[in-house]
Amino acid sequence: MSKGKIIIISGPSGVGKKTIIDKFINDERFNLKYSVSATTRKPRDGEINGRDYYFLSEEEFNENIKNNNFLEWAEFAGNKYGTLISEVKKSLENNNIILEIEVQGATAIMQSNIIDDLLTFFIVPPSIEELEKRLRKRNTETNEKINLRIKKASEEMKLSNKYSYVIVNDDVDVAVNEFKKILEKELLNE
């Protein structure tokens, strides 16, 4: 495969995007590569620079914005997140690339003429109450940040109709299976 496809996965924080991706990222049939985003937020326990995110200082991130090095970027809860163009270009040479990105960034990519062949997914929780429960169970953020994420999730979910596919993650195995079937249809023509 000389030129891969870009697959965008969005959804509220805590909905299980990364969990779903991790279930099939190593399936060789799909030739997938996870795009590592850049962020100004501090690493959580167990996160590794270059694997989970590129952890940048505010100054480094702003320099990349100034130099137009991001395909998209967004700010949320005092932190910036972005997709480096260099990361996407390098990966697309031989792979289909998965971008796990915020709705704001996904919308910017979908509305631009930068990429013409996108496959987009929006992952939703079964309910806002269930999402809040999942975020609290992670125990990685303050009540204030969780409340911000819940408020943002309500707004983001209103934009789910802009995506090619919407998957409800009530049961992760069911969501993974649905995701896999769509990839088989879209990437393998099965």
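Helices, as runs of at least four residues in DSSP states H or I, and strands, as E runs of at least two, are numbered here from the N terminus.

**Figure 1. Overall fold of the protein chain in the predicted model.** Counted in this way, the secondary structure of the protein chain amounts to 7 helices and 9 strands. Along the principal axes, the C-alpha atoms occupy a box of roughly 45 × 40 × 30 Å. The radius of gyration of the protein chain is 16 Å, which agrees with the value near 16 Å that a compact globule of 190 residues would have. Among contacts with a separation of 6 or more, 67% join residues that stand 24 or more positions apart in the protein chain.

**Figure 2. Surface and charge of the protein chain.** Buried residues make up 48% of the 190 in the protein chain. The accessible surface comes to about 10200 Å², and carbon and sulfur atoms contribute 46% of that area. The side chains include 29 positive and 32 negative ones, and the centres of these two sets are 1 Å apart.

**Figure 3. Aromatic pair between Phe61 and Trp73.** With ring centres required to lie within 6.5 Å of each other for a pair, the protein chain contains 8 aromatic pairs. In one of them, Phe61 and Trp73 meet edge-to-face, at 6.3 Å centre to centre and with 75° between the planes. Phe61 belongs to helix H2 (residues 58-66) and Trp73 to strand E5 (residues 70-76), so the pair ties together parts that are 12 residues apart in sequence. The two partners can also be described by their accessibility: Phe61 is buried, at a relative accessible area of 0%, whereas Trp73, at 36%, counts as partly exposed.

**Figure 4. Aromatic cluster containing Phe24, Phe121, Tyr165 and Phe179.** These residues, namely Phe24, Phe121, Tyr165 and Phe179, come together in one aromatic cluster.

**Figure 5. Surroundings of Val176 in helix H7.** Val176 is part of helix H7, which covers residues 172-188. Its relative accessibility is 11%, and because buried means under 20% relative accessible area, Val176 counts as buried. When residues up to four places away in sequence are left out, Val176 touches Ile20 and Lys23. A separation of 20 Å lies between the C-alpha atoms of Val176 and Glu102, two residues that are 74 residues apart along the chain.

Conventions:
Residues numbered from 1 in each chain as written. Predicted model: local features only at pLDDT ≥ 70, side-chain atom pairs only at ≥ 80, totals over all residues. Heavy atoms only, no water. Rg over C-alpha atoms; globule rule 2.2 N^0.38 Å. Buried < 20%, exposed > 50% of the residue type's maximum accessible area, 1.4 Å probe, protein only. Contact = heavy atoms within 4.5 Å. Areas by Shrake-Rupley, 256 points an atom, 1.4 Å probe, with all protein chains shown as cover. Lys, Arg positive; Asp, Glu negative; His and termini not counted. Charge placed at Lys NZ, Arg CZ, Asp CG, Glu CD. Phe/Tyr/Trp six-rings, centres within 6.5 Å; stacked < 30°, edge-to-face > 60°.
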